[in-house]
Amino acid sequence: MPKIKTNAGTKKRFALTGSGKIKRKHAFKSHILTKKTNKQKRNLTHSGLVSSCDEKNVKKLLGLK
């Protein structure tokens with residue numbers, strides 16, 4: 001069987017942590033920032049983790065398990 005290709009968009013957007021969880025960035029932080037409050041923009045800066053229900057799909061796109 002051929003090797004499974006990693007999805008190019010997924011490998012740019014997600015990163016694995018040391019414990020095997022998947023790290024992601026928040027949406028809505030790239031443009032149209034003038035109407036968003038400072039608090040909102042500050043909270044979007046921090047990275048988050050992919051939820052457990054989406055983890056299987058992301059790992060499949062990354063070519064893991």
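How exposed is Ile32, in terms of relative accessible area? Ile32 comes out as partly exposed, at 46%. Keep in mind for every view below that this is a predicted model.

**View 1. The whole chain, from helix to helix, is laid out here as α-β-β-α-β-α.** That pattern holds 3 helices and 3 strands. The C-alpha trace spans about 50 × 25 × 20 Å along its principal axes. For 65 residues, a compact globule would have a radius of gyration near 11 Å, whereas this chain has 15 Å. Buried residues account for just 12% of the 65. The accessible surface adds up to about 5,800 Å², with carbon and sulfur atoms supplying 56% of that area. As for contacts with a separation of 6 or more, 51% of them join residues 24 or more positions apart.

**View 2. Three strands line up as an open sheet in the order E1-E2-E3.** The pairing is antiparallel. At the edges sit E1 (15–16) and E3 (48–49), and each of these pairs on one side only. Zoom in on E1 and E2 and you'll find 2 bridges, again in the antiparallel sense. Take Leu16, for instance: its bridge partner in E2 is Ile22.

**View 3. Two residues with positive phi turn up in the loop between E2 and H2, namely Phe28 and Ile32.** Neither one is a glycine: Phe28 has a phi near 70 degrees, and Ile32 has a phi of about 55 degrees. How do their side chains fare for cover? Phe28 counts as exposed because its relative accessibility is 64%, over the 50% cut-off. Ile32, at 46%, is partly exposed, so it falls in the range between 20% and 50%.

**View 4. Lys36 is a buried lysine without a salt bridge.** Look for it in the loop that runs between strand E2 (22–24) and helix H2 (38–45). Which residues does Lys36 touch, leaving aside those up to four places away in sequence? They are Phe28, His31 and Lys41. The nearest side chain of opposite charge belongs to Asp54, and that one is 20 Å away. A salt bridge needs the nitrogen within 4 Å of a carboxyl oxygen, so Asp54, at 20 Å, is no partner for Lys36. Phe28 makes a second appearance here: it touches the buried lysine, yet counts as exposed itself.

**View 5. Asn43 in helix H2 is shown together with His26.** The two are 17 residues apart in sequence, and their C-alpha atoms are 8.9 Å apart in space. Is Asn43 buried, exposed or something in between? With a relative accessible area of 43%, Asn43 is partly exposed.

**View 6. Glu55 and Lys59 meet side chain to side chain in a salt bridge.** Side chains of opposite charge can pair when their charged atoms come close. For Glu55 and Lys59 the N to O distance is 3.9 Å, which sits within the 4 Å cut-off. Why are these two so well placed along the helix? Both belong to helix H3 (residues 52–62), and because they are 4 residues apart there, about one helical turn separates them. The count for the model comes to 1 salt bridge.

Conventions: Residues numbered from 1 in each chain as written. Predicted model: local features only at pLDDT ≥ 70, side-chain atom pairs only at ≥ 80, totals over all residues. Heavy atoms only, no water. Buried < 20%, exposed > 50% of the residue type's maximum accessible area, 1.4 Å probe, protein only. Lys, Arg positive; Asp, Glu negative; His and termini not counted. Contact = heavy atoms within 4.5 Å. Pairing = 2+ DSSP bridges. Rg over C-alpha atoms; globule rule 2.2 N^0.38 Å. Areas by Shrake-Rupley, 256 points an atom, 1.4 Å probe, with all protein chains shown as cover.
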